[in-house]
Amino acid sequence: MELSKDQTVMSEEKKPQDPNPRFACEGCSVLLDVNDGDRLVFARLSGGAILKIGNKNYSLKPLIGAPFGSLFQVETGEDGSFLSRILPIKQENSSNNVMDDSRDNREIVDNNEAQNLTGEEIEAMRREGAKGDEIIEALIANSKTFDKKFQLSQEKYKLKKQKKYAPKLLLRRPFARSICEAYFKKYPARIGFLRVDALSLLLTMANVTAYSDVLVVDMVGGLVTGAVAERLGGTGYVCNTYKGSSPYPVEMVRMFNFSDKVLERIVQSSINELSLANTASPEGNNQQGVCNAENNINETSSTSDVMVEEISATTEAGVVDIVVPESKVIKAAKAGAKASKETIEMWRENGFSSLIIAAQDQDPWSIAKDVLPLLSYSAPFVIYHQYLQPLATCMHKLQQGKMAINLQITEPWLREYQVLPSRSHPHMQMSSFGGYVLSGIRISTT
């Protein structure tokens, strides 16, 4: 039975359209950057979601419908304080004449007598509806030492007062880089101290491209799984495999705001199901069954510990501190459905195109020896670990078994620079350690 042209148009109109990924919609996850990185908060937008800045709670409703990258500032109105979107104003860069400034701070004495405005007068200005910028201008006008300060000191003074009296909030889109940077800054142990440059190295060395079938052992909360799915863009498959009967939690995938098309490509299957056709002998099957039985017991207890750790870790680290009424919670679609039998049979016959292992609490060799035979020949694989010695042991055993070639261990190194006129230099505080990556190509052992 053929549909008419009008019926076809009506059926297409009834299909739910994916929201624009450039705008923050109700129910999506967002990353809130308070005061230029002083505080990073993950939130799920809804009409009742609130964010605490200082001693006050602010509704996140003004953020709904705003494009990612929008800047908001705390303002005071008749109904109290609220978040208002502002447009960044381009200011002329007057720091080119820094070297010509002859002022310095040698004669300034910090005795708490430089400010004529009292705390009561500042609170009175707030009650009268004065904006944060107006309070800052009043503080500068009533400061006895502001004009004597060095030019860079004046800028630091303004920035310090702006963070206190006119805090700003940047609406950022959560993707692989921003999520990795936020967790690495707030709670790095939750992602196995996986830095953003190490994450990009994993994706590059594993040759993650469109229409690839990537096998992932993700024990870092779903960060690697989400990064791979983001790069595939709804093509190919991401199979999150695990030992035992309980899969590893991948809750971070919900933060990526994936569409249903992408979520359908994120599946999970145990190592036993994937390697069922690769067993060599009945004797080996019996030994494998005993090992799997022990792994099931161990994994059940260890997985429960991971789940408890995630709840306590996010609460303790302040990564998620949004108060949302239960009646208005909008849950994201859950990723990681069970892989179909047809797909598993296809992987058994053809193998996976690449492999990524990020298991911070496991021995890399104990996992690699089970999942490496699932790859197709000449397929690349990468293994991330926080420490060097477990990867060196795994590399030695792979060489002994002649299971892979082009084996190498890489230590990623990252340095960020401040680029300003007359002030370009490396950041004073930087991460000196980002883990190690073992890479190679699987070959036939026969």
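Contact, as I use the word this morning, means heavy atoms within 4.5 Å. The model before you is a predicted one.

Let me apply that definition to Leu223. Beyond its neighbours within four places in sequence, Leu223 is in contact with Ala176, Ile179, Cys180, Ile191, Leu194, Leu199, Asp218, Met252 and Phe256. Leu223 belongs to the largest nonpolar core, which has 42 residues; together with Val224, Val228 and Ile356, it touches the most other members. Several elements each supply at least two residues of this core, among them the helices α5 (176-186), α6 (196-205) and α7 (223-232), and the strands β8 (213-218) and β12 (354-358). Which helix gives the largest share? That is α7, with six residues. A second core, separate from this one, has 35 residues, including Met219, Trp365, Val371 and Leu372.

I turn now to the sheet. Eight strands form an open sheet with mixed pairing, in the order β11-β10-β9-β8-β12-β13-β17-β14. At its edges are β11 (337-338) and β14 (404-410), each of which pairs on one side only. Within the sheet, β9 (residues 237-242) and β10 (residues 266-270) run parallel and are joined by five bridges. Tyr242 stands opposite Ser270 of β10.

Finally, the helices against the sheet. Helix α6, already named as a contributor to the largest core, lies across β12, β13, β14 and β17 (436-442), and runs at about 160 degrees to β13. Helix α13 (residues 388-400) also packs on the sheet, where it touches β13, β14 and β17. The direction of α13 makes about 165 degrees with that of β14.

Technical notes. Residues are numbered from 1 along each chain as its sequence is written. This is a predicted model: local features need pLDDT of at least 70, side-chain atom pairs count only at pLDDT 80 or more; totals for chains, interfaces and linings use all residues. Side-chain values use heavy atoms; hydrogens and water are left out. A nonpolar core is a set of buried Ala, Val, Leu, Ile, Met, Phe, Trp, Tyr and Cys residues joined through side-chain atoms within 4.5 Å. Buried means under 20% relative accessible area, exposed over 50%, partly exposed in between (1.4 Å probe, protein chains only). Helices (H or I, at least four residues) and strands (E, at least two) are DSSP runs, numbered from the N terminus. Two strands pair if DSSP finds at least two bridges between them. Axes are lines fitted to C-alpha atoms, for helices over the stretch in contact, and angles run from 0 to 180 degrees between N-to-C directions.
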